[in-house]
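Hi,

Here is the structure I said I would pass on. Have a look at it first, and my notes on what turned up follow below.

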Amino acid sequence: QKVEILEAFTGWEGNNKYEIKNRRNQVCFYAFEKSGCCARQCCDEGRGFEMKMVDNYQREVMRVQRDCKCCATDCCWLACCSCTQHDMLIESPPGTVIGKVNNKCSCWRKTFSVSLGDEQSGFHEFAELVGPCIMTRTLCCMCCCGCDITFTLHSSETGEKIGELKKEYSGLGKEVFTDADNFSISFPQDLDVRAKAVLMASTFLIDFMFFEQKSEDEN
């Protein structure tokens with residue numbers, strides 16, 4: 001995520017912007033949030049948004065839609081029905097839904113369902129992202145200073161680990177005074193291209209749910 005200088009100094013929440021890079025650190029895509037000004041200031045990390053992803057030729061290749069839900073929760077015990085779940089729809093090409101990401105009920109660890117499909121034919125979960133029990137930016141800065149926060153990717157069919165998503169530690173100053181973060185994700189090379197797109201988009205939901213609020217605001 002790119003650092004917004006005005007936001008860092010004033011606290012005025014702007015649209016998030018991201019650079020998506022490959023393992024050679026080459027920029028492949030750019031992602032831009034589109035949301036209302038009032039929603040960004042009042043709803044903060046719970047706001048609804050549209051995220052557009054474009055390639056280096058400014059062609060839109062993917063779109064992510066998230067609705068604002070007043071009853072949605074990040075408590076792993078309460079995310080048992082659609083009205084209490086944070087979710088996102090992924091479109092690629094834009095206008096064609098290919099998948100969905102949502103948090104789900106679990107005993108104690110933050111868990112996300114990653115699915116392919118659409119609203120007409122239904123969604124089929126192909127993987128789960130399983131993270132730590134407690135997730136806040138302040139806790140990460142206090143207890144995990146210098147460490148990465150890892151969400152493990154498991155196959156829904158076999159239960160085996162097939163990859164991971166990491167929120168990478170990016171330095172004390174950036175962690176404390178901004179809400180801009182660095183993420184990395186790994187998955188099997190032969191995975192369906194639609195599944196790769198949905199997994200890539202899952203980073204946005206995790207970022208908004210757990211790392212969008214600056215730690216000094218939480219304090």
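**What I found**

Let me start in the middle of the sheet: β3 and strand β4 (residues 60–66) run antiparallel and are joined by 6 bridges. If you want a pair to click on, K52 has R63 in β4 as its bridge partner. The hairpin of β3 and β4 has 4 residues between the strands, and there Q58 takes a positive phi near 65°. Keep in mind throughout that this is a predicted model.

From β4 you can step on to strand β5 (residues 87–91), which runs antiparallel to β4 and is joined to it by 3 bridges. Here Q65 has L89 in β5 as its bridge partner.

**The whole sheet**

How many strands form the open sheet, and in what order? There are 11, and the order is β1-β2-β3-β4-β5-β6-β7-β8-β9-β10-β11, with antiparallel pairing. At the edges are β1 (17–21) and β11 (182–186), each of which pairs on one side only. From one strand to the next, the twist averages 20°. As general background, strands of a sheet pair through backbone hydrogen bonds, either parallel or antiparallel.

Back at the β1 edge, 5 bridges join β1 to strand β2 (residues 27–34), and the two run antiparallel. K21 stands opposite V27 in β2.

**Salt bridges**

K21 also turns up in a salt bridge with E19, where the closest N and O atoms are 4.0 Å apart. Are these two buried or exposed? Neither label fits: E19 is partly exposed because its relative accessible area is 31%, and K21 is partly exposed too, with 42%.

Another pair to look at is E33 and R47, which form a salt bridge with 2.7 Å between the closest N and O atoms. This one links distant parts of the chain: E33 is in strand β2, while R47 is in the loop between α2 (37–42) and β3 (49–55), 14 residues apart. Both E33 and R47 are buried.

A few others, briefly:

- E164 and K166 meet through their side chains in a salt bridge, 3.5 Å from N to O. K166 counts as partly exposed because its relative accessibility is 25%.
- A network of salt bridges links K104, E125 and E128.

Over the whole structure, a search finds 12 salt bridges.

**The core, and a polar residue beside F112**

Which residues touch the most other members of the largest nonpolar core? They are F112 and F204, in a core of 35 residues. Helix α5 (residues 193–211) gives the most to this core, with 12 residues. In general terms, nonpolar side chains tend to be buried together in soluble globular proteins.

Leaving out residues up to four places away in sequence, F112 touches a list of residues that includes V101, A127, L129, F151, L205, I206, M209 and F210. K104 and E128 from the salt-bridge network are among its contacts as well, and so is N102.

N102 lies in strand β6 (residues 97–104). N102 counts as buried because its relative accessibility is 7%, and the cut-off for buried is under 20%. The side chains of N102 and Q85 are joined by a polar contact of 3.4 Å. Beyond its neighbours within four places in sequence, N102 is in contact with Q85, H86, D87, T111, F112, S113 and L205.

Best wishes

Methods
Residues are numbered from 1 along each chain as its sequence is written. This is a predicted model: local features need pLDDT of at least 70, side-chain atom pairs count only at pLDDT 80 or more; totals for chains, interfaces and linings use all residues. Side-chain values use heavy atoms; hydrogens and water are left out. Two strands pair if DSSP finds at least two bridges between them. Axes are lines fitted to C-alpha atoms, for helices over the stretch in contact, and angles run from 0 to 180 degrees between N-to-C directions. Buried means under 20% relative accessible area, exposed over 50%, partly exposed in between (1.4 Å probe, protein chains only). A nonpolar core is a set of buried Ala, Val, Leu, Ile, Met, Phe, Trp, Tyr and Cys residues joined through side-chain atoms within 4.5 Å. Contact means heavy atoms within 4.5 Å. A polar contact is a pair of N or O atoms within 3.5 Å; within protein, one must be able to donate a hydrogen and the other to accept it, and residues adjacent in sequence count only if both atoms are side-chain atoms.
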